[in-house]
Amino acid sequence: MNRNEIWIAFATIVTREVRRFLRIWPQTLIPPVITIVLYFLIFGNLIGGRIGEMAGLPYIQFVAPGLIMMSVITNSYSNVVSSFYGSKFQRNIEELLVSPTPNIVILLGYVVGGMTRGLGIGVIVTLLSLYFADFSIHNVPVTISIVLLTSMLFSIAGLLNAIFADSFDDISIVPTFILTPLTYLGGVFYSTQLLSDFWANVALINPILYVVNTFRYGFSGVTDINIWWSFAMVGLSITVLFSITLRQLEQGSRLRS
Amino acid sequence: MIESQTPALQISQLSKTYGDHFEALKGIDLRVESGDFFALLGPNGAGKSTTIGIICSLVRKSSGSVSVFGHDIDADFANAKRYIGVVPQEFNFNQFEQPIDILVNQAGYYGIGRRVALERAERYLKQLGLWERRWEPSRTLSGGMKRRLMIARALIHEPKLLILDEPTAGVDIELRRSMWEFLCDINQRGTTIILTTHYLEEAESLCRNVAIIDHGKIVQNTSVKALIKQLSVETFVLDTRDELVSAPEVEGYRIAHTDSHSLEVEVVSGQTINPLFAALAEQAIEVLSMRNKTNRLEELFISMVEKKLPETAA
């Protein structure tokens, strides 16, 4: 395929993905917004008022970046995992597999589709959060780059999960038993300064801790960890997962008999 | 010019083993000429769908080579794929999408822009009687419509080789005939067609050449005419006006009494049937109608596959 044809194939996948989540907006757009509004109400206004400050910030300003990032992570991941596994289940993934679309274009198309939903929800949640808290952005490049990279990372992870999944149970195991606990333990609601040295060190193996803290740094300038180390970790994770996912697509295992 | 001399499909020593033991294909060779209307026949589990799956890269081959219009599916997969349009046996489109979107998206995967894709989608949806339903979710289409939608989707990038795996399964007779006309039309306009079917009448009516695959091996690969000539005995069913209690005796013919108003007569290849009717008339037996007991190709197919069974069972 020449460059123009590759671009058309890529745009087709992305457009189809965006239209898919817009078509089922009551399932894809409304629930995350309701969830985040409840988080802001409970942890921000009701409980947050009694907690006071966390890491030198009013509690609602402390949790807001984490809640936004949580939406971006879960929506990027769930968009790709459900869409790709749905295509496997209905076998319409064969439409792509029989076509000359290169595997890297299939990968990028799904990932950009996931990022579009993740970032779109992120923007909606950010706008909603302004109703509950006043905050400005401390470092725009850091904020934008970390949210883009995080969305990309979890979109790729969702695709890899979908490739290996053999049932709908398989696509809910990772979000339920890995992603949600890591998110809750990833410094969204508390600073690792509250933990003992041992648990603070254990927390460092949680990748979500890095992205949440870097995002919080972008908003408020406050972080528990070195943000450049965080960028390196996210970059490395993207490189590794991207390579594994592309290799899976090239080999066709779990997709072709 | 090069394409017309190059075979549409060339398969050499193609084999496929699922897991460690099950050999679905045992080194088959097959050549389909450009412009042909070719039937790939075989009983369930013979290896037809595996062969098609390998050609369109949904199944990974164990060994051998496949080229489409001279383009190897491994070394030059992008060009090979451009030449192939495939209509699978099972519905494999997104049931929530609309027919028009399914076609335009499929065109996009081949790098075809939206404007051209919409023009082609309109043409094929109209030709296949789906234009009025283009905005409806595809899950609401009938079984026959879904099958036609898959044909339209396979044609959207205008492939030179169209492969149809049981395209008329579960389709009513009227619709089947209209699909035959459509396929004959696109074949006459230059598209090579490979068809698998259980309706052997379909293969006999449409196809010029045929391969019979059984237990992962090609057991016959010839023209349909040559294959029919191999048929040594044909069985005809005669429906009689009056009730019969037994089969009449007619010299030179084996006649069986199947029920009160019908007889089955075996006619050897080259034997005329005029004496049979003369003899029946002498015995005051009036024949209302006559038909083949089974499709001719079907008789041959069954005899070939049955002959093969003891060998493979050994």
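## A partly exposed loop serine

B:Ser142 counts as partly exposed, because its relative accessibility is 37% and that class lies between the 20% limit for buried and the 50% limit for exposed. The model is predicted. B:Ser142 sits in a loop of chain B. Helix H5 (114–127) and helix H6 (143–155) flank that loop.

B:Gln98 offers a distance check on this serine. The two residues are 44 residues apart along the chain. Their C-alpha atoms are separated by 14 Å.

## Chain B overall

Chain B has 314 residues, and 52% of them count as buried. Its secondary structure consists of eleven helices and 14 strands. The C-alpha trace spans about 75 × 50 × 40 Å along its principal axes.

Take the contacts in chain B with a separation of 6 or more. Of these, 68% join residues 24 or more positions apart.

## Surface and charge

Chain B exposes about 14,600 Å². Carbon and sulfur atoms supply 49% of that area. Chain B carries 35 positive and 42 negative charges. The mean positions of the two sets are 9 Å apart.

## Helix H2

Helix H2 of chain B covers residues 48–55. Seven of its eight residues are buried, so the helix is largely enclosed by the rest of the structure. Three isoleucines are among the buried residues: B:Ile52, B:Ile54 and B:Ile55. B:Thr50, B:Thr51 and B:Gly53 are also buried. So is B:Lys48, a residue with a side chain counted as positive.

The backbone just after H2(B) has a feature to check. There, B:Ser57 takes a positive phi of about 65°.

## Interface with chain A

How many residues of chain B are in contact with chain A? The number is 31, and they meet 25 residues of chain A. Together the two chains bury about 2,600 Å². Carbon and sulfur atoms account for 49% of this buried area.

Three residues stand out on the chain B side: B:Leu58, B:Arg60 and B:Tyr109. They supply 29% of the area that chain B buries against chain A, more than any other three residues.

Salt bridges also link the chains. The count between chain B and chain A is three. B:Arg153 forms a salt bridge with A:Glu95. The closest N and O atoms of that pair are 2.7 Å apart, and the cut-off for a salt bridge is 4 Å.

Notes: Residues are numbered from 1 along each chain as its sequence is written. Chains are lettered from A and ligands numbered from 1 in the order in which they are written. This is a predicted model: local features need pLDDT of at least 70, side-chain atom pairs count only at pLDDT 80 or more; totals for chains, interfaces and linings use all residues. Side-chain values use heavy atoms; hydrogens and water are left out. Helices (H or I, at least four residues) and strands (E, at least two) are DSSP runs, numbered from the N terminus. Buried means under 20% relative accessible area, exposed over 50%, partly exposed in between (1.4 Å probe, protein chains only). Contact means heavy atoms within 4.5 Å. Accessible areas come from the Shrake-Rupley method with a 1.4 Å probe; for residues, only the protein chains shown count as cover. The place of a charge is taken as NZ of Lys, CZ of Arg, CG of Asp or CD of Glu. Buried area is the accessible area (1.4 Å probe) that two parts lose on being put together, summed over both. A salt bridge is a side-chain nitrogen of Lys or Arg within 4 Å of a carboxyl oxygen of Asp or Glu.
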